[in-house]
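I opened this entry to note what I looked up, one item at a time. The sequence and the structure come first, and my notes follow.

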Amino acid sequence: MMKKVHASGFYDLKTKISRASKIASELATFMNELDKTDDKEERRLISSQIGTLKEALKKVNFDLKFSLERLSLVAPLKAS
């Protein structure tokens, strides 16, 4: 049973790290686009999207913290 908990814990961790990585990559892309454009409306839309992505990244990182806390790599001591 302990192996199943670890397997699902690692899968959950991998999924959240992958999601955070994708969000960070998308955030970098939008930041570069923001630097390139002079159109006010386009800048407003890009800034809005950047704000949304920042909030999503905060949420994923918060969830990631709890996934790490739940994951225990040490075996419990046997009762004597």
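I began with Leu-53, which lies in helix 2. For helices I used DSSP runs of H or I with at least four residues, for strands E runs of at least two, both numbered from the N terminus. This is a predicted model, in which local features need pLDDT of at least 70 and side-chain atom pairs count only at pLDDT 80 or more, while totals for chains, interfaces and linings use all residues. Residues are numbered from 1 along each chain as its sequence is written, and side-chain values use heavy atoms, with hydrogens and water left out.

Is Leu-53 buried or exposed? I found a relative accessible area of 7%, so Leu-53 is buried. The word buried stands for under 20% relative accessible area, exposed for over 50%, and partly exposed for what is in between, with a 1.4 Å probe and protein chains only.

I then looked up what Leu-53 touches, leaving aside neighbours within four places in sequence: Ile-23, Glu-26, Leu-27 and Phe-30. A contact here is heavy atoms within 4.5 Å. Leu-53 and Phe-30 are 23 residues apart along the chain, and their C-alpha atoms are separated by 9.6 Å.

Next I checked Lys-54, also placed in helix 2. Its relative accessibility is 41%, so Lys-54 counts as partly exposed. Between the C-alpha atoms of Lys-54 and Ala-24 I read 8.4 Å, with their positions 30 residues apart along the chain.

**Core**

Which residues make up the largest nonpolar core? I listed nine: Ala-20, Ile-23, Leu-27, Leu-34, Ile-46, Ile-50, Leu-53, Leu-57 and Val-60. Helix 1 and helix 2 (40–70) are the elements that give two or more residues to this core. Helix 2 supplies the largest share, five residues. A nonpolar core is a set of buried Ala, Val, Leu, Ile, Met, Phe, Trp, Tyr and Cys residues joined through side-chain atoms within 4.5 Å. As background I noted that in soluble globular proteins nonpolar side chains tend to be buried together.

I looked at two of the core residues in helix 1. Leu-34 lies in helix 1 and is buried because its relative accessible area is 15%. Beyond neighbours within four places in sequence, Leu-34 is in contact with Arg-43, Ile-46, Ser-47 and Ile-50. Leu-34 and Ile-46 are 12 residues apart in sequence, and 6.4 Å separates their C-alpha atoms.

Ala-20 is in helix 1 too, which covers residues 2–36. With a relative accessible area of 12%, Ala-20 is buried. Its contacts, again without neighbours within four places in sequence, are Leu-57, Val-60 and Asn-61. The C-alpha atoms of Ala-20 and Lys-58 are separated by 9.0 Å, although the two are 38 residues apart along the chain.

I added Lys-16, another residue of helix 1. At 18% relative accessibility, Lys-16 counts as buried. Leaving aside neighbours within four places in sequence, I found Lys-16 in contact with Val-60, Asp-63, Leu-64 and Ser-67.

**Rings**

How many aromatic pairs does a search of the whole structure find? I found one. Phe-62 and Phe-66 form this pair, edge-to-face, at 4.8 Å centre to centre and 75° between the planes. Rings of Phe, Tyr and Trp (its six-membered ring) pair if their centres lie within 6.5 Å; planes under 30 degrees apart count as stacked, over 60 as edge-to-face and the rest as tilted.

Phe-62 and Phe-66 are four residues apart in helix 2, so about one helical turn separates them. Phe-62 is partly exposed at a relative accessible area of 49%, and Phe-66 is partly exposed at 35%. I also noted that the charged end of Lys-65 sits over the ring of Phe-66, 5.5 Å from its centre. This requires NZ of Lys or CZ of Arg within 6 Å of the ring centre and within 35 degrees of the ring normal.

**Whole chain**

I counted two helices and zero strands in the protein chain. Of its 80 residues, 22% count as buried. Among contacts with a separation of 6 or more, 68% join residues 24 or more positions apart.

Last, I checked confidence. The average pLDDT (the predictor's confidence in each residue, from 0 to 100) is 87, and 82% of the residues score at least 70. Over residues 1–5 the pLDDT is below 50, and this stretch has one contact in the model beyond near neighbours in sequence.
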